[in-house]
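Visitor: I would like to learn how to read the cysteine pairs and a buried charge in a model of this kind. Could we go through them one after another?

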Amino acid sequence: MAQHSKQRHEPGVDTAKPCAPVPDMRRLNYFFGQMLGVDDFRSEQNYFREKHKLHNRCLHGYGTVCGLLVKPAPPEKPCKSEQDEVHAKLEAEIARIEKELKEGENWPQDKKDDASKRIEELKQELEHLPKHCPLPPVRPRVLVECGVALDCQGNEIIVRRTETLDLWERLSREERVQLEQGHHEVYVSICFCEKPVSPVRPVQEDSCEPRSDCVYGKLQDSYRFRVSLTQPERDRRCEYCCSCCEDCCLLLARIDCTGATGNLEPEQVDNDVRRRFDLYDSTRIEGINWTHGATYEIEEVDDLLGGEFSGHEKDGGLVFQMSHKVNARTLRRGVVDVWVIRGGRGARSEIYNLDTKIIPVNPDAEGFVRRFRVRSLSDEKLDNGDRVIIMVRGAFILDRCCQPLDGVNVGGFVPILPDERFRRFHKDMLPPVCDRDPYGPPRSGIGVPGGSFESWFYVRRRGESGHAPSHYDEYGLPKGE
């Protein structure tokens with residue numbers, strides 16, 4: 001009788017993926033008098049190559065190691081020929097005379113006739129000019145800086161010099177038609193490939209292969225770029241070492257609102273869509289709805305916390321957005337704490353926990369969410385000088401692969417969400433002291449899943465100069481003695 005074993009299946013995770021194609025690890029056993037052929041030397045190379053790829057994939061992971069930043073190419077100016085300049089001068093002269101004729105209503109009739117005659121002569125001259133050949137339009141282009149990456153098969157991709165990509169040329173014919181009909185998002189990826197180099201004439205022909213006057217003596221590790229209007233699928237594997245990846249190319253950037261012609265602007269290029277080099281693409285906090293370390297008026301804090309009688313009970317609260325979906329069932333009581341430290345000019349020793357509720361936002365059919373909010377259940381208003389501390393225990397918030405949230409708020413750099421309704425909670429603060437993330441808005445995390453997120457803000461009464469003692473400035477920095 002056949003035995004059926006039970007397998008644990010995580011929602012949204014495909015457990016039926018085949019194992020990664022790792023060949024048998026066979027190496028040559030040399031001995032005197034051994035006859036070696038082409039296949040023997042190839043198998044010797046493959047042994048070490050596959051070992052190295054397995055090491056990369058299983059012990060290091062894959063993604064962008066360094067560099068490979070995508071940015072707009074220097075703007076091109078449309079070229080003009082001599083005929084274009086003559087056309088432009090004649091058209092400008094016609095426009096000038098027509099404007100003067102329109103404004104000269106009190107001119108004598110003979111002067112008006114002369115002006116009309118001159119306009120007619122210029123139009124005939126413009127019509128008899130030779131037709132000029134149209135110059136090619138300016139196409140959107142980007143630069144890809146040098147850098148290093150590892151793909152999901154363990155291949156090393158090394159770009160040694162800055163590459164210029166014409167996005168239009170690398171699109172398929174069907175995608176060019178789509179781009180001509182309107183603006184689209186364009187995705188730029190890099191793929192590993194081998195390039196045959198060093199052509200030589202063989203001394204002896206292989207009897208099993210067609211006759212060739214020239215063969216390539218070497219294979220060079222190289223790369224190619226892929227440009228498409230279709231967004232690549234995110235790698236949803238929970239374990240990268242022993243399973244196959246569907247797409248071996250690495251996404252580098254998304255180019256927003258791209259047309260068939262015209263130069264690109266820096267704000268159109270989003271490098272933050274790329275995968276960072278790691279064994280696992282950890283879930284991180286990519287946005288909140290308040291400014292870390294800022295000072296808010298008491299009325300603003302009421303709206304921000306969404307407490308009782310604030311008028312924002314249905315949609316208020318501290319909002320957290322994840323880079324990937326997390327299991328709403330792990331958002332339990334105690335995972336998030338909101339503490340209040342009493343301020344003011346008197347004793348500041350009292351600390352109490354604000355009664356809150358965690359609310360998943362728009363969970364999917366499997367119970368996973370990208371956003372959750374923490375709403376205050378208290379009807380008590382905070383006082384002038386109070387400090388609100390928010391703590392999220394990332395080790396207890398799990399994603400689809402049961403991996404914990406990488407939540408460390410390094411330097412307080414997690415940005416405020418761009419939603420229009422959160423704009424009123426944005427406060428101007430000093431810029432970051434370091435450029436921690438060159439590929440876009442910073443997120444939480446240091447590459448070690450399970451870290452706790454911490455942030456705070458201050459409370460003041462409307463009209464007060466601020467919560468801080470006189471030896472701190474408005475940004476919380478110590479003043480000079």
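Guide: What follows is a walk through the disulfides, the unpaired cysteines and one buried acidic residue of this predicted model.

Visitor: How many disulfides does a search of the whole structure find?

Guide: A disulfide is a covalent bond between the sulfur atoms of two cysteines. Here the search of the whole structure gives 4 disulfides, and when the bonded cysteines are numbered in sequence order, the pairing reads 1-5, 2-6, 3-7, 4-8.

Visitor: Which parts of the chain does the disulfide of Cys152 and Cys245 link?

Guide: The sulfur atoms of Cys152 and Cys245 lie 2.0 Å from each other, and the angle of 65° about the S-S bond makes this link right-handed. The pair ties together distant parts of the chain, 93 residues apart, with Cys152 in the loop between β4 and β5 and Cys245 in the loop between β8 and β9. Cys152 is buried at a relative accessible area of 5%, and Cys245 is buried as well, at 16%.

Visitor: What is the handedness of the disulfide of Cys191 and Cys249?

Guide: The torsion about its S-S bond is about 105°, so this disulfide is right-handed, with the sulfur atoms of Cys191 and Cys249 at 1.9 Å. Cys191 belongs to strand β7, whereas Cys249 sits in the loop between β8 and β9, 58 residues apart. Cys191 is buried, with 2% relative accessibility, and Cys249 is also buried, with 14%.

Visitor: Is the link of Cys238 and Cys401 right-handed or left-handed?

Guide: At -80° about the S-S bond, the link of Cys238 and Cys401 is left-handed. These two residues are 163 residues apart, Cys238 in the loop between β8 and β9 and Cys401 in the loop between β18 and β19. Cys238 is partly exposed at 27% relative accessibility, while Cys401 is buried at 16%.

Visitor: Why is Cys193 too far from the closest cysteine sulfur for a bond?

Guide: The closest cysteine sulfur, in Cys191, is 8.0 Å from that of Cys193, and because a disulfide needs the sulfur atoms within 2.5 Å, this is too far for a bond. Cys193 is partly exposed, at 22% relative accessibility.

Visitor: Finally, which side chain of opposite charge is nearest to the buried Glu44?

Guide: That side chain is Arg27, 7.1 Å away, and Glu44 has no salt bridge although it is buried. Glu44 is part of helix α1, and beyond its neighbours within four places in sequence it is in contact with Arg27, Leu28 and Tyr30.

Note on methods: Residues are numbered from 1 along each chain as its sequence is written. This is a predicted model: local features need pLDDT of at least 70, side-chain atom pairs count only at pLDDT 80 or more; totals for chains, interfaces and linings use all residues. Side-chain values use heavy atoms; hydrogens and water are left out. Helices (H or I, at least four residues) and strands (E, at least two) are DSSP runs, numbered from the N terminus. Buried means under 20% relative accessible area, exposed over 50%, partly exposed in between (1.4 Å probe, protein chains only). Lys and Arg count as positive and Asp and Glu as negative; His and the chain ends are not counted. A salt bridge is a side-chain nitrogen of Lys or Arg within 4 Å of a carboxyl oxygen of Asp or Glu. Contact means heavy atoms within 4.5 Å.
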